[in-house]
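Work through the two exercises below with the sequence and the structure in view. Try each task before reading its solution.

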Amino acid sequence: MNFINAIVGAGIVAIPYAMKECGPIIGMFSLILMGVLAGYTLLLLFKVAEWTKKTSYKEVVAATFGDHVVPVLLVMQFSFPFMAMMSYQIIVSDNLSTIIKAIGVAHCRP
């Protein structure tokens, strides 16, 4: 299951469970609401980029919140892919020994 979570994302795997727990009406309403909010925030980002005449996310953040926020943004932009990479490494290390045993490769000892 960890391998599937890594490939498609835990959010996609968790949607059926969340829908079951919320019920069909509240679940669909919540799903649609989150989609609308995500689309709206993207629209706001485009509008701010257009108003400030900036072409990158970093420039938009600096123009909107000030240059003192850019280091925080850079740390966040580094942390998210780094944590994703670490989770893939953990998943591979958990499953690699099982795969090696399944294909019949013996452990090498120096």
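**Exercise 1.** In this predicted model, find which helix gives the largest share of the nonpolar patch on the surface.

Solution. Helix α3 gives the largest share, with four residues. To check this, list the members of the patch: Ile12, Ile15, Met28, Leu31, Ile32 and Val36. Together they have about 530 Å² of accessible area. Next, assign them to elements: α2 (10-22) and α3 (24-52) each give two or more residues to the patch. Val36, for example, has its place in α3.

**Exercise 2.** Determine how the axes of α3 and α4 are oriented to each other.

Solution. Start with the axes: those of α3 and α4 (residues 57-65) come within 10 Å and cross at roughly 75 degrees. Angles of 65 to 115 degrees count as roughly perpendicular, so α3 and α4 are roughly perpendicular to each other. Then name the residues in contact: Leu45, Val48, Ala49 and Thr52 belong to α3, and Tyr57, Val60, Ala63 and Thr64 belong to α4. Finally, sort them by type: six are nonpolar, two are polar and none is charged.

Note on methods
Residues numbered from 1 in each chain as written. Predicted model: local features only at pLDDT ≥ 70, side-chain atom pairs only at ≥ 80, totals over all residues. Heavy atoms only, no water. Patch = residues over 30% accessible without salt bridge, like charges linked within 9 Å, V, L, I, M, F, W, Y side chains within 5 Å. Areas by Shrake-Rupley, 256 points an atom, 1.4 Å probe, with all protein chains shown as cover. Salt bridge = Lys/Arg side-chain N within 4 Å of Asp/Glu carboxyl O. Axes fitted to C-alpha atoms, helices over the stretch in contact; angles between N-to-C directions. Parallel < 35°, antiparallel > 145°, perpendicular 65-115°, else oblique. Contact = heavy atoms within 4.5 Å. Nonpolar A, V, L, I, M, F, W, Y, C, P; charged D, E, K, R; others polar.
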